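Trainee: Could you take me through one part of this model slowly, the surface where protein meets DNA? I'd like to see how the pieces behind that surface fit together too.

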Number of protein chains: 2
Amino acid sequence: MKKPHPHIDRIFKAIADPTRRSIFHALVIAGSAMPINEVAERFEMSRQGVTKHIKILEAAKLIQIHQRGRERFCMASAQPLKSISQWLQFYEQFWDQSLDRLGQHLDGVD
Amino acid sequence: MKKPHPHIDRIFKAIADPTRRSIFHALVIAGSAMPINEVAERFEMSRQGVTKHIKILEAAKLIQIHQRGRERFCMASAQPLKSISQWLQFYEQFWDQSLDRLGQHLDGVD
DNA sequence: TTTATATGCAACTTATTGGTTGCAAATATA
DNA sequence: TATATTTGCAACCAATAAGTTGCATATAAA
């Protein structure tokens with residue numbers, strides 16, 4: 001019964017952490033590649049802490065990394081978020097569903 | 001700089017776990033309130049394990065619980081997912097952005 | 001060559017997570 | 001009343017997460 005979807009699991013996990021969402025956002029609005037150190041400078045956290053988050057974002061393909069010289073440039077890629085959007089899409093039809101059915105149930109009308 | 005958004009954090013956290021997504025989905029398609037035990041029966045996990053997940057979903061307001069007699073009925077509410085959708089919306093404009101800029105950067109064109 | 005910079009790796013700590021079991025309490029049923 | 005059912009609470013455990021520090025290495029600059 002347990003059917004794992006490792007890729008989407010990684011995306012959900014990556015965006016679950018507010019710091020990672022913040023890193024991702026910073027890279028998206030930067031719009032260009034940024035060395036890891038430059039990313040790290042923007043957060044009140046050790047470079048290694050940021051690096052760990054970056055790795056998780058990279059595993060989810062929300063960040064791509066290209067090395068040049070001694071620097072590793074991070075660039076956001078929003079594309080994997082499409083999977084989340086697809087997942088959400090199914091539930092849109094229930095967004096504004098009233099909870100009447102529950103009320104009915106509790107009133108014994110169901 | 002750290003500005004916490006506890007509610008949306010709880011929603012992201014709730015949907016980060018595949019088991020919780022599965023529980024939520026089961027309740028959504030059930031379409032009606034379901035006692036905790038009945039939810040738990042559907043998963044190969046102890047009742048308490050399921051209960052813990054339900055609590056986290058409840059904290060995110062993705063499940064509402066109403067008690068009648070000794071039973072507690074769970075009902076899914078997709079509404080909080082709107083927040084996730086809103087969060088995603090900002091990034092839609094970047095979904096299909098090519099990574100040319102990165103390439104340019106690496107080629108020294110930038 | 002010497003020095004400074006950017007980075008990765010490993011070890012470690014602490015907190016959280018995901019799961020279990022056992023027991024008690026409340027409600028329903030015989 | 002006695003018994004069965006539904007549930008919550010607490011304790012516990014193993015694994016993971018989130019963060020730190022120290023050190024090694026590769027590249028760039030003086």
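Mentor: Let's start with the kinds of residue on the surface near DNA strand D: 3 are nonpolar, 8 polar and 10 charged. Here Ala, Val, Leu, Ile, Met, Phe, Trp, Tyr, Cys and Pro count as nonpolar, Asp, Glu, Lys and Arg as charged, and the others, Gly among them, as polar. Keep in mind that this is a predicted model, where local features need pLDDT of at least 70 and side-chain atom pairs count only at pLDDT 80 or more, while totals for chains, interfaces and linings use all residues. As for bookkeeping, residues are numbered from 1 along each chain as its sequence is written, chains are lettered from A and ligands numbered from 1 in the order in which they are written, and side-chain values use heavy atoms, with hydrogens and water left out.

So who is on that surface? DNA strand D is surrounded by 21 residues, and the closest are S46(A), K52(A), H53(A), Q48(B) and R72(B). A residue is near a strand if one of its heavy atoms lies within 4 Å of it. Of the atoms of DNA strand D that come within 4 Å of the protein, 63% belong to sugar and phosphate.

Now zoom in on polar contacts, meaning pairs of N or O atoms within 3.5 Å (within protein, one must be able to donate a hydrogen and the other to accept it, and residues adjacent in sequence count only if both atoms are side-chain atoms). The side chain of K52(A) has an N or O atom 2.2 Å from a base oxygen of DNA strand D. R70(A) also meets a base oxygen of this strand, with a polar side-chain atom 2.9 Å away. D17(A) goes to the backbone of the DNA instead: a side-chain N or O atom lies 3.2 Å from a phosphate oxygen.

Which elements supply the surface? α4 (47–59) of chain A, plus α3 (36–41), α4 (47–59) and β3 (71–76) of chain B, each give at least two residues. Helices (H or I, at least four residues) and strands (E, at least two) are DSSP runs, numbered from the N terminus.

Pick out H53(A), which sits in helix α4 of chain A. H53(A) counts as buried because its relative accessibility is 13%; buried means under 20% relative accessible area, exposed over 50%, and partly exposed in between, using a 1.4 Å probe and protein chains only. Beyond its neighbours within four places in sequence, H53(A) is in contact (heavy atoms within 4.5 Å) with D17(A), T19(A), R20(A), I23(A) and M45(A).

Next, follow helix α4 back into chain A. α4(A) lies across β2 and β3 of chain A, at about 115° to β2(A). For such angles, axes are lines fitted to C-alpha atoms, for helices over the stretch in contact, and the values run from 0 to 180 degrees between N-to-C directions.

Those strands belong to an open sheet of 3 strands in chain A, ordered β1-β3-β2 with antiparallel pairing. β1 (34–35) and β2 (63–68) are at the edges with a single partner strand each, so one side of each has no neighbour in the sheet. Two strands pair if DSSP finds at least two bridges between them. Between β1(A) and β3(A) there are 2 bridges: M34(A) is partnered with C74(A), and P35(A) with F73(A). Helix α2 (residues 18–30) of chain A packs on this sheet too, touching β1, β2 and β3 at about 90° to the direction of β3(A).

On the other side of β3(A), 6 bridges link it to β2(A), with I63(A) opposite A76(A). β2(A) and β3(A) form a hairpin with 2 residues between them, and G69(A) in the turn has a positive phi of about 60°.

Finally, glance at the other DNA strand. DNA strand C is also surrounded by 21 residues, the closest being Q48(A), R72(A), S46(B), K52(B) and H53(B). Sugar and phosphate make up 64% of its atoms within 4 Å of the protein. R70(B) has a polar side-chain atom 2.9 Å from a base oxygen of DNA strand C, while R20(B) places one 2.9 Å from a phosphate oxygen. The surface near DNA strand C has 3 nonpolar, 8 polar and 10 charged residues.
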